[in-house]
Structures are given as structure tokens and as C-alpha cells.
Amino acid sequence: MSEPPAARRLVVVGGGPSGLAAAWKASVEANRAGASLEIVVLEADNQVGGKARTEHAADLLIETGPQGFLDDQPVLREMIDACGLEDEVLAPEPAANRRYIYRGGRLRELSRSPLAFARSGLLGPLGLARLAMEPLVRSRYHGDTDGGAGEDESLYDFAARRMGRQAARRLISPVVLGIFAGDARKLSAAAAFPRLVAMERAYGSLFKAMRAGRRRGAPPPGHRTFPRGIQSLPRAVAALPGIEVRCNQRVTGVGRSGNGFTVTTPAGDLAADAVVVAADLPAAADLVEGVSAAAAEELRQVESPPMAVVHTAFDAAATAHIEPAYGFLVARGEGIRMLGCQYETATFRGRGPDGTFLARSLFGGSVDPEAAELDDDGLIDLTRRELRRTVGIGAEPTYASVARWPHAIPQYAPGHPQRVARIEAALDPIAGFHLAGNALHGVGLSRAIAVGSNCGEQAARLLFR
Ligand SMILES: Cc1cc2nc3c(=O)[nH]c(=O)nc-3n(C[C@H](O)[C@H](O)[C@H](O)COP(=O)(O)OP(=O)(O)OC[C@H]3O[C@@H](n4cnc5c(N)ncnc54)[C@H](O)[C@@H]3O)c2cc1C
């Protein structure tokens, strides 16, 4: 009788959402192929989840990283189903449809109703008139026969060209703070907001594309989480059979060895037939160095500045005047360092006891990295002062905490698509090596999961073809 073939081994470096998605998808593919695959996830921290980290304190549910995810990737739903969490997906409260921008010394609603929007004062008459002309602005892709976009442009330039400079400054720039904690002038339109660019390409106009979407009855993707917090998902994936997670294992190197790889940890070397690197920047660049110096050098050019997330809770009496809403973003130039504030208890059920108001204020990013370096007392004090100024909370918080991310969100600078192409060209010839995470193809959780799943699928298919 012949020996059964030895199991192949896939090592995933990083137990964040992207790495765990890679592990899950690889196990699905191995099962489909009826093949035996040992899947080992090595995580530097003492728990899985990466930045998807939920903490509990003083009867509050604290999301120190992402507070929700966009339900825009079919594969994410597949993974949720595989974990048996499909009935636990939590949609926001209706009040969370209301969002504000702090500009000109007060909150102004970012309303979907054209009349209410016009009255909000977010744009002046000239800015409104220019915005209304958007469908008439000639598309950059008009007469473009090769489908190419020419030079990449910044998000600010894209918005100014389509919607006018006032809208770019007063609307798009604050919104970008909420997603990238970044500067619209220093982000690539094509990489940071590919959907907007695709809308112009397909319809010649953003308004026309939105109208077409409404006619098709296509609802925009929803914002979701779980009753016990966002970390429920990585924890559930890590508990799936066939995936071995080893925490407290910081990988210090990945190198090629024969037809496979050697993964180095303080506990010793591990041989692997395939590797998925799903560590965040800058660690990912150091690990890629072992297989491609050129790709590592390119990755090091992608900045990921620090952020701090400050949670403060208040009694109902101190916040009764605040309209329930998702929260607000702050336009730059207002003398406020907070990038924005999310009203956690108004957005998702179960974030705190009835009557409590839990605010999550964001600081740092590429526009003000120094703010993220303030000490805890300094950040809490700044939060108190700025919440008083923006939303009139005069009371002392009943709870306050600070979470820090030294390398929070990758910034996709203009030229990012070309950088991605160079990195992929350098890594593609290295069979069995895959780069997951959110450094290249979208910074949000759902994209990181889609990219991770794709890497896991490719890794398994290559092993079992
Ligand atoms: C403050 C903040 C708010 C955010 N809000 C949202 C939001 O509301 N919605 C949204 O969609 N996205 C949000 N994001 C982005 C979201 O957190 C990321 O998309 C997501 O975490 C990316 O997952 P990942 O697995 O690629 O990386 P990470 O979550 O960073 O996980 C990487 C993992 O790799 C591990 N690791 C690193 N180096 C090594 C090593 N050498 N060896 C072993 N393990 C290693 C790390 O410990 C970590 O566990 C937010 C991010 C931040 C910082």
C-alpha cells in the first residue's frame, strides 16, 4: 500500500481580518479538492483580530479600531455564513442615517435631500451652482478609446474637476478624513475611491451614475457590525476547524527554501509550501524583503500614519440636547484637531446602557500625526474641550479611554495604482507567496477580507492543481 501524500502546509502571517480570511478560504478550497492542507496562522499579538478589536469596560462596548464594515463583498457574507454568524449581523439604527460636518463654527447636516442640503450652508451659492453643473462637466474619459485614465490624479483634483473646488474642500476633504484619516490632496482618486472613478468612466458623470443606480433599484452597501462587536468575526473564523492559530508568534522573516519557504519566528523556523503575508505595514514590507527587495522597497513608500481613538461616555442629562446621529466630521481650518466623532450609542444597539452617550473621537492620520502622539491625559482633555465646542457637552465624562494605532491606515498616494502594478510584477513570479492585507487594494475591512480570501484561494489552488 502506498503512503498517503504528506499534507502540504500553508503559513499565514498575521491573524487580522485579512489573514484569517486567507486561512478560511484556503481551507474551503482544500476541502473542495479533497486534499489535506495544514493551515497555520502566526499572530504576533496575544489575540486574533488585528485592528478589529473589541473591548468591554464599564458596561460599554468599545471598538478600538473599525466600528463597522461595509457589506459590499459577497465573499465576506460567505465567510460570515461559514462562521454561523449570519443571523447576528447588526444594521445601524435609523438615526445613524443622519451625518454632519462641522464647518463655520457649527454642525451642518450632510442631507440627501437636495433642498435640505442647499439650506445646510455647507456650500455657498456659487459652490451649489457649480455642484449642480456636474452632469455637464466633460468626462475625463470622453473619447478615450483605450479605456486608460492617463495620469492618476489626487482625490481633491478629481472632486474639484467634477464638483467644483468648494465641494472638494468642504465636502470631500472632511469625508476623506473619516475613511482614510488622510488628506484628499495626497490621495490617489483611482486607488482611494475607485468607485467614483468608475462612475465617471461608465456614465460620464457622478450624478448620472447615481441616478442610474437608483433606477436599477440598487441600494448602496450597508454599514454593519455584530451585537458583541466587530471582533466577533475574526474570533469565529479562528475557531473554525482546520485552522490552527498560534498567538504571540511574531514572524521575523520569510525566505525561499527549495520549492517552498522558511518562516522564522522566535520559537524556531517553520517550513511552508505556501505563505500568505497578511501583516500590516510596515511589518509587511520587512517580511516581503525576504523574497523581493524591489517589492519591499515599493511597499515602504506607502505611509501609514498613527491614529488615536478616544472613547468618552456621558450621562443622558449632559447630552439630551444632541440629536441622535452617526456623528460628525470636522472640516480642516476650524481650529479643531479632532478628525471626527462617532456617536456609538446612537449608531449601533447595545454599545452601552440605556441613557449613556458613548462618543468615539478620532485623532491623527496624515493631516495631524502629532495629535496621535499626545499622552492619554492630553488627548482626553483635548476631546473634552473639543466636544464642548462642537456639540456643547459641558459635563465631565463618566468614562474615558485611549486606543492607539502607530500604523493605522495606509495612505494611497497619487501613483498608487502604478506602484501596485510594480509590486505585483515583482511578486507574481514567486509561486506560493501571496501578499494580503490592506496596503494595496482598499483600506476598509471588507476589502482586506476580499483580498485575503483571494490570496487563500490562489495559494490552495496552486498547491492542488
Ligand atoms: C482607527 C481605525 C478605524 C477604522 N475604522 C474602520 C471602519 O469603520 N470600517 C472599515 O471597514 N475599516 C476600518 N478601519 C480599517 C480596518 O481596521 C482594516 O481594514 C483592517 O483591520 C485590515 O485588516 P488586516 O488583516 O489587513 O490588518 P490588521 O487588522 O492590521 O491585522 C494585521 C495583523 O498582523 C499582525 N502582525 C503584524 N506583524 C506581524 C508579524 N511580524 N508576525 C505575525 N503577525 C504580525 C498584527 O498583530 C495584526 O493582528 C479602521 C482602522 C483604524 C486604525
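User: Two strands count as paired once DSSP finds at least two bridges between them. Which residue in β7 stands opposite Y100?

Analyst: E109 is opposite Y100. Strands here are DSSP E runs of at least two residues and helices are H or I runs of at least four, numbered from the N terminus. The model is predicted, so local features need pLDDT of at least 70 and side-chain atom pairs pLDDT 80 or more, while totals for chains, interfaces and linings use all residues. Residues are numbered from 1 along each chain as its sequence is written, and side-chain values use heavy atoms, without hydrogens or water.

User: How many bridges hold β6 and β7 together?

Analyst: Four, between β6 (residues 99-103) and β7 (residues 106-109), and the two strands run antiparallel. Their hairpin has two residues between the strands, and G104 there has a positive phi near 60 degrees.

User: What sheet are they part of?

Analyst: An open one of seven strands with mixed pairing, in the order β7-β6-β15-β16-β17-β14-β18. β7 and β18 (399-405) are the edge strands with a single partner strand each, so one side of each has no neighbour in the sheet.

User: And β14 with β17, parallel or antiparallel?

Analyst: Antiparallel, with eight bridges between β14 (residues 307-314) and β17 (residues 357-364). One bridge pair there is A313 with L358 in β17.

User: What about the sheet with β10 in it?

Analyst: That open sheet has three strands in the order β10-β11-β12, with antiparallel pairing. Its edges are β10 (253-257) and β12 (268-272); each has a single partner strand, so one side of each lacks a neighbour in the sheet. Five bridges link β10 to β11 (residues 260-265), and G253 has T264 of β11 as its bridge partner.

User: Switching topic. Where does D71 sit, and what does D71 touch?

Analyst: D71 is in the loop between β5 (69-70) and α2 (74-82). With neighbours within four places in sequence set aside, D71 is in contact (heavy atoms within 4.5 Å) with R77, P221, G222 and R224.

User: Now empty space. How many cavities of 30 Å³ or more are there?

Analyst: Two. On a 1 Å grid over the protein atoms alone, a cavity is a set of points where a 1.4 Å probe fits but cannot get out; a pocket is an open set with protein on both sides within 12 Å along at least five of seven lines, and lining residues have an atom within 4 Å of a point. Points join across faces, edges and corners, and volume is the space filled by probe spheres set on them.

User: What lines the largest cavity?

Analyst: P17, L20, A52, M79, I230, L233, P234, V237, L445 and I449. This cavity has a volume of about 50 Å³. α1 (17-33), α10 (232-238) and α17 each give at least two of its lining residues, with the largest share, three residues, from α10.

User: And the second largest cavity, what lines that?

Analyst: K51, D280, L281, S304, H407, A408, P410 and N438, around a space of about 30 Å³.

User: What volume does the second largest pocket have?

Analyst: About 390 Å³. It is lined by 19 residues, and E424, D428, H434, L435 and Q458 are the closest to its centre. The elements giving two or more residues to that lining are α16 (416-427), β19 (433-435) and α17 (445-463).

User: Which of those gives the largest share?

Analyst: α17, with seven residues.
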